[in-house]
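Hi,

Here is the structure I said I'd pass on. Have a look at it first, and my notes on what turned up are underneath.

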Amino acid sequence: MAFLQEHILSLILFSPVAGALLVFLVPGDRVRSIRWVAFLASLVPLGLSLWLWFAFDPGMQGYQFVEQAIWYEAINSSYHLGVDGISVPMVLLTTLLTPLAILISWSVEQNVRTYMMLFLMLATGMLGVFMSLDLLLFFVFWEVGLIPMYFLINQWGSENREYASFKFLIYTMAGSLGLLLAIQLIGVAAGTFDLITITQQWSTLSQPLTMLGLPITLSIATVKKIAFWAFVVAFAIKVPVWPFHTWLPDAHTEAPTAGSMILAGVLLKLGAYGFLRLILPLYPVEAKFYAGVLALLATLAIVLGAFAAWGQDDFKRLVAYSSVNHMGFVVLGIAAAAFAQATPLVADGVIAVNGAVLQMFNHGLSAAGMFLLVGVVYDRAHTRDLNKLGGLFPLAPMYGGILIFTAMASLGLPGLNGFVSEFLVVRGAWPVFSFYTALSMLGLLITGAYILKGIAKVLHGPLNEEWVGHEMEINRREILAMAPLMVLMLFIGVWPKWILSVINETVLRLFG
Amino acid sequence: MQIETLIWLIPLPPLLAFFMIVLGAYRSNRISHSIAIGSMLLSWGGAMFVFWRAITADDLGQHPFNSTISWLPTGETAFNLGVLIDPLSAITLFFVAWTCLAIFIYSVGYHNFGKPRDERDRAGLPPQAGGIEPMYARFFAFISLFAFGMLTLVLSDNLLLLFIGWEIMGLCSYLLIGFWYGKPSARDAMVKAFMTTRVGDVFMLLGLAYLYSATGTLSYREILFNEPTLEMLASTASVIPALSTAGLVGLLLFIGTVGKSAQWPLHVWLPDAMEGPTPVSAMIHAATMVSAGVYLIVRTFPLLTAGWHAGGALTPTMTVIAFIGAFTALFAATIAVAQNDVKRVLAYSTISQLGYMVAAVGIGAFVAAAFHLVTHAFFKALLFLGSGSVIHGMEHGVHDTHEHVDPQDMFNMGGLRKKMPVTFWTFLIGGFALSGFPILTAGFWSKDEILADAFAHHQWAVFITLAVAALLTAFYTMRQITLTFLGEHRTKAAAHAHESVWTMTLPLVILSVFALGIGWLGIPEGFPAIGGLIPNWFHDFIGGSLPEHPETIAFNAVPLLVSIGVALGGLLLGWLTYRRVPAGGEDPLKKPLGPVFKVLQNKYYFDEFYAAFIVRPAYWLAETFTYRWIDRGVIDGFLHWTGRTSLKIGSFLRNAIDIPIVNGAGDLVGEGVKKAGHRFRVIQTGRVQEYLIIGIVFTGIIISYLLVFRP
């Protein structure tokens, strides 16, 4: 028990890799065994992070379950892990979505072993980002999360996968380069990569930076400024903040179903997490200065994302664009908090960040659910064209019910999860950015339009004779994958306190 | 059990029923409807008990039943959520429980329970020939969820929980309008209803956020009974300089009402909502959900009227509310005159009556608005259920005679009073209540009170508009009654219609009792002859919902006479005009009104206008502008340009620098060595003799060099 207590984060972090090794040991042609081994292996981190969730003490100051070990001693970078009330929900989300995504990957038939291994490694990459307290470690995991996704899209995607995976890779790599530069600069300037130490010393740094013995010296202010913009670009691409978003619809649409689930469910959160973990604490002044611009971009993402989603005829692309719209609320909340710091509006900022973090979790549930359901209909009809679907409700009543439920969660129907977080963001952002908040209501309206378009064009209308006689109904395995998502959507909608009280304590300490 | 605990429990049975039906009970129709009706009975029983406790409590307004829990942590504070029974919610709970129960029972008969399943019927389309509805269980699941939403809304002690109930009802309304989703018209109507009301909802959400930011709470009691807070809201300027904070918040909330209660200019969804099954129209689109919009502004009355004193000039917000309400009342009444579909007439009549209530709130007539809300819920639910019974009877007729006529068109009916006596008499009661038939009906008392209030406070424009609307109301109601029930059968189908089953007629009878009797609870004390015989209980009771009891207005004969005159006059005119419409005859108003009639028939072309100027441009903005131009064109265009440019730079570097210079230099070295080696290869013959000769030659040369040239 003590071992578990002390190494829980490492166990969660590396159990997917262990699972991947296990999968590697299964002969490649025994597809059934590979699937089950991968699925069962992915349940291990889920179980562990459930333990973590209940063992986590929201009231405690600072990071918990901290682990530190020597890594690159020469440059003062260590293996340093820890979680607080913002990262614990993200860890839970990641470990929850991974088994569900694997469960929905039964339809993958080529190179199943490689696929499953990549998936499990992807989980480690994402978990590492949420747990790292060392910037170099943070960067390493950031990249580890990128590469498997590239291969998943490139190898198992649909028609236009070459273009989409390339766009995804180049775009995020461009961000990563800046991230690496920023981390190096900070590391050299501070003499360490340890996030906690850097945060403490941050304001007292003064020694100008000499680069590689070259006759260039950078003042600390310049270093900070360069690092700020590098961070912003890297995280803005990942979220994505408008106008850096066009990689998203392509990548999401072309990725295999499970890939889209993880991409929308977790990978996008890495960007928002970066804003909360690095930019806001390290750059309160700059963040406040540019908060207005960020809020504007967030509003554009909300409004234009919704409009673009409404204009789609491809069901999956419609859902993909909905991510732009929903993540806009996350960024709006973050921007409001950035502006509200050290002003009388600080209490509103706390509410906004509470909403933003909860929205990250909620969007993880609903986007993953929506992509799963798009995948279900694509598996059967082999088309995602909304104009060819329609009238499926009588053929798949259970699927229809589940789709409507999930779509309503995505729409932000009160009583389900999305509403709570959107309301908190709107409530928190209103006193700070009244105009942008009012404008984002247009996005909320159009959210209704695209969600209803999707439902009407898939389920409703005259019975579609083309699919009569085909098995269109959702199967048990798929329902099993949807069930946890739906339960959580309802539970958070009805009783948000269980998760929000964890988030709230940390947010209050960081931004209150 | 504590009364507060009971209040928490009231909305839950229908919710449980919903989940039970959806998760398994749907396999049996009988079990499904038993669960649904049983759960509604439980809620109804709880509601009646709470209502009884409420009316027997001492000064409920000051000491309401209230209970809260902490729901949402928000930084240092938390958002508390709870239930509240004060006079207004008690009386609303009363009519909601009754109408919902009546409609649940009615639905059993309406969906042909007990008849065999017709093999030709398909899920998603209405039964063709009297077979049981294929999605019978699903219907009961949806209306149960709806009842949960409505009860939650009524029992809430704050605006957020109200909004939650409000939206859950919105979802159910959407699902039920599109219950027969196989019809393209129903599919379009469901989306239209959801989207139109959503316009109001997003404004309302903004209003909630604003109010919450300004006061730190959304609880009714903490805001509405808090004089300093109201004063602060009324005296601080909002983000829009011309309005106070209270004024702007009130306006934002009111836009929510405009959407939900289908007021002009967001009225367009309600008539189309008649695509849903009739019990849905009765429950959602007459008695409960659309009333919720009015309930909101009645509930937040102290906030909407903050800064206004009885008898004083209206605040800008109140003026807007009064205008929208009065205008809608008249506007919708004119459309109702020219509609032939029996349900659509009622739909427009609902819009018009809700306009009355809104106008009443706008002029500060709190009690009158609440009163009309209650009476209208009963008589309008009655009328809708009656029309459903008529349609049912007509459908039987159509089926029996194989005559292809529209069973909902009133011009195909006539003479149904003998065929469907219970439906006729109850419909007559409902219709007379709607028209405001003097003394006997509930509608008279509540409508009269609104007119009297407008008159007493010199709101002439509102008074005249509402009086004209009342005349039209009586006229179109009598038109409907005459065309449907009186005279002779105009089709064979009408001649073969027959009375509906008892599960349908029993609710009609129950509701007609209320449509008559509920008005007697609010007879003004100054009324000639009968005033004061029964105490004006309604005024005393409901007045407790406000921080200060509203004053009763002095009796005046003018509005009373106007009210009686327009009601009787309208009824008479309607009867005279329509009593002799022959089979196949056209509307007697068509000729005299000419083009005006066509405009009315086409609802002032609002649908066409919105389609052309709002929906289509918005979709263009979505599909063409945002997606094709901005995302695909500009942003991706820039990215692709960057990509291509990088590629060009790359190929320049390769073709202009790498290949000729870098490669060239490297190649020069490599190739040079290679070439030299190639040249020298000729001497690599492999013959030892030749190597020896070369060796001797070279040795000779070196020795010569050493000997001869070395100094």
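**A mostly enclosed helix in chain B**

Of the 36 residues in α17(B), 32 are buried, so this helix is largely enclosed by the rest of the structure. Before you go further, bear in mind that this is a predicted model.

A bit more on that helix. α17(B) covers residues 366-401. From first C-alpha to last, α17(B) reaches 52 Å, close to the 52 Å expected at 1.5 Å a residue. Even so, α17(B) has a bend of about 25 degrees, placed at H376(B). Right after the helix comes H402(B), with a positive phi near 55 degrees.

**The nonpolar core**

The largest nonpolar core counts 448 residues. Which residues have the most contacts inside it? They are A381(B) and L466(B). I looked up the partners of A381(B), leaving aside neighbours within four places in sequence: T99(B), A102(B) and I103(B) are in contact with it, as are A282(B), M283(B), A286(B) and A287(B), plus L511(B). As general background, nonpolar side chains tend to be buried together in soluble globular proteins.

**Where the chains touch**

Between the two chains, 43 residues of chain B are in contact with 43 residues of chain A. On the chain B side, the elements that give two or more residues are β1 (65-74), α6 (159-177), α7 (184-215) and α28 (606-680). Of these, α7(B) gives the most, with 14 residues. Sorted by class, that side of chain B has 28 nonpolar, seven polar and eight charged residues.

**The hairpins**

There is one to look at in each chain.

- Chain A: β1(A), residues 64-72, and β2(A), residues 77-83, run antiparallel and are joined by six bridges. I70(A) on β1(A) stands opposite S78(A) in β2(A). Four residues lie between the strands of this hairpin, and N76(A) in the turn has a positive phi of about 60 degrees.
- Chain B: nine bridges join β1(B) to β2(B), residues 77-85, and these strands also run antiparallel. T68(B) stands opposite G82(B) in β2(B). Here two residues lie between the strands, and G75(B) takes a positive phi near 70 degrees.

β1(B) is worth viewing twice, as it belongs to this hairpin and is also among the elements that give two or more residues to the side of chain B touching chain A.

That's what I have for now. Shout if anything is unclear.

Cheers

How values were computed. Residues are numbered from 1 along each chain as its sequence is written. Chains are lettered from A and ligands numbered from 1 in the order in which they are written. This is a predicted model: local features need pLDDT of at least 70, side-chain atom pairs count only at pLDDT 80 or more; totals for chains, interfaces and linings use all residues. Two strands pair if DSSP finds at least two bridges between them. Two residues are in contact if their C-beta atoms, placed from the backbone, lie within 7 Å. Ala, Val, Leu, Ile, Met, Phe, Trp, Tyr, Cys and Pro count as nonpolar, Asp, Glu, Lys and Arg as charged, and the others, Gly among them, as polar. The expected span of a helix is 1.5 Å times one less than its number of residues. The bend at a residue is the angle between axes fitted to the seven residues ending there and the seven starting there. A residue is buried if 20 or more other C-beta atoms lie within 10 Å of its own, exposed if 12 or fewer, and partly exposed in between; C-beta atoms are placed from the backbone. A nonpolar core is a set of buried Ala, Val, Leu, Ile, Met, Phe, Trp, Tyr and Cys residues joined through C-beta atoms within 7 Å.
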